[in-house]
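Me: I should like to learn how to read the features of a protein model, one at a time. Please begin with a single residue.

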Amino acid sequence: MHEPVEWSEDQCPTSPRFGDVYRSRVGGWQQAQTVFVGGCHLPQRWQNTEHFTILETGFGLGLNFLATWATWLADARRCARLHYVAVEAYPVSAADVVRSAQALSDTQAISPLVDLARELALHWQTLRPGMQQFSLAQGAILLTLAIGDVLPMLQQLDCRADAVYLDGFSPARNPQMWSDETLRAVAARCIAGTTLASFSVASSVRSGLRQAGFSVRRKPGVAPKWHRLEASYNGLTAP
């Protein structure tokens, strides 16, 4: 059931199904840290709390999860328990998760990345369709993976997200991931004050988020993108 990944000579991974990159060769780590972790105002929002939940649409090669895990480990005031919930219709192989981390570590000083990817890969071997949970970091991190189409998986989830990462392939190539119905299903898993981040500032995405009850802002992006998106849930869905 593993989704094939095409690797370029410079170790940039591409999805043949969607004709889009999972991440850039050089800027992937910075995008994960700036667009998603920073865009949801982490680690500040989880500090000195007992429990914090993050929801991601589009787990991909796991880079956002690994960046979040590394940030959590480095934070002396981190939450006691981190619950990371991700939806992914086409999971890649454990070998590609590790290969992605190794390629980034070869170009940047990201010391814990490969070790974390290898720990994740140990659990990844048992991946199957539907819902499953993995315990990491000696039980302090719970990873829930919903393997299947985004809308029915979101509707089955039983969680309330403190932060959301919207990271599917681009809206032009994977419109189902960014549909109004999907964004409303995301909002249904949020609470007032939930922060949301995405690389996409497409007008349809911004409009859909506003209709789903989010306040939306464009922010300076990470090259080669000019902009990124930050949003917060106000608890009110437009009719």
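Reply: Let us start with Lys225, which is placed in the loop between E10 and E11. Helices (H or I, at least four residues) and strands (E, at least two) are DSSP runs, numbered from the N terminus. The model is a predicted one, in which local features need pLDDT of at least 70 and side-chain atom pairs count only at pLDDT 80 or more, while totals for chains, interfaces and linings use all residues. Residues are numbered from 1 along each chain as its sequence is written, and side-chain values use heavy atoms, with hydrogens and water left out.

Me: Is Lys225 buried or partly exposed?

Reply: Buried means under 20% relative accessible area, exposed means over 50%, and partly exposed lies in between (1.4 Å probe, protein chains only). Lys225 has 37% relative accessibility and therefore counts as partly exposed. Contact means heavy atoms within 4.5 Å; leaving out residues up to four places away in sequence, Lys225 touches Gln31 and Phe199. Gln102, by contrast, is 123 residues from Lys225 in sequence and 24 Å from it in space, C-alpha to C-alpha.

Me: Which residues does Ser170 contact, apart from its neighbours within four places in sequence?

Reply: Ser170 is in contact with Asp20, Trp178 and Phe199. Ser170 is found in the loop between E8 and helix H6 (180-187), and its relative accessibility of 18% makes it count as buried.

Me: Where is Leu229 placed, and what is its relative accessible area?

Reply: Leu229 belongs to strand E11 (residues 227-233) and is buried, its relative accessible area being 0%. Not counting residues up to four places away in sequence, Leu229 touches several residues, including Leu196, Ser200, Arg206 and Val216. Phe199 is 30 residues from Leu229 in sequence, yet the C-alpha atoms are 6.0 Å apart in space.

Me: How should one read the sheet, and what is its strand order?

Reply: Two strands pair if DSSP finds at least two bridges between them. Here an open sheet of eight strands has the order E6-E7-E5-E4-E8-E9-E11-E10, with mixed pairing. Strand E6 (130-136) and strand E10 (214-220) are at the edges, each with a single partner strand, so one side of each lacks a neighbour in the sheet. From one strand to the next, the twist averages 20°.

Me: How many bridges join E5 to E7, and why is E5 described as largely enclosed?

Reply: Strand E5 (residues 81-88) and strand E7 (residues 141-147) run parallel and are joined by seven bridges; Ala86 has Leu145 in E7 as its bridge partner. E4 and E5 also pair in the parallel sense, over seven bridges, with Val85 in E5 as the bridge partner of Leu55. Seven of the eight residues of E5 are buried, so the rest of the structure largely encloses this strand. As a general idea, side chains in a regular strand alternate between the two faces of the sheet.

Me: What lies across these strands?

Reply: Axes are lines fitted to C-alpha atoms, for helices over the stretch in contact, and angles run from 0 to 180 degrees between N-to-C directions. Helix H2 (residues 63-74) lies across strand E4 (51-57), E5, E6, E7 and strand E8 (161-166), and runs at about 175° to E5.

Me: How many residues of helix H1 are buried, and why do they lie on the same side?

Reply: An α-helix has 3.6 residues a turn, so residues three or four places apart point the same way. Helix H1 (residues 28-37) is mostly covered, with seven of its 10 residues buried; among them are Trp29, Ala32 and Phe36. The buried residues cover an arc of only 165° around the axis, which puts them on the same side of H1. The arc is that of the directions from the helix axis to the C-beta atoms.

Me: How many aromatic pairs does the structure hold?

Reply: Rings of Phe, Tyr and Trp (its six-membered ring) pair if their centres lie within 6.5 Å; planes under 30 degrees apart count as stacked, over 60 as edge-to-face and the rest as tilted. The structure holds 13 aromatic pairs. The ring centres of Phe59 and Phe65 are 5.9 Å apart and their planes are at 40°, so this pair is tilted. Phe59 and Trp124 form a stacked pair, 5.3 Å centre to centre with 20° between the planes. Phe59 lies in the loop between E4 and H2 and Trp124 in helix H4 (residues 113-124), so the pair ties together parts that are 65 residues apart in sequence.
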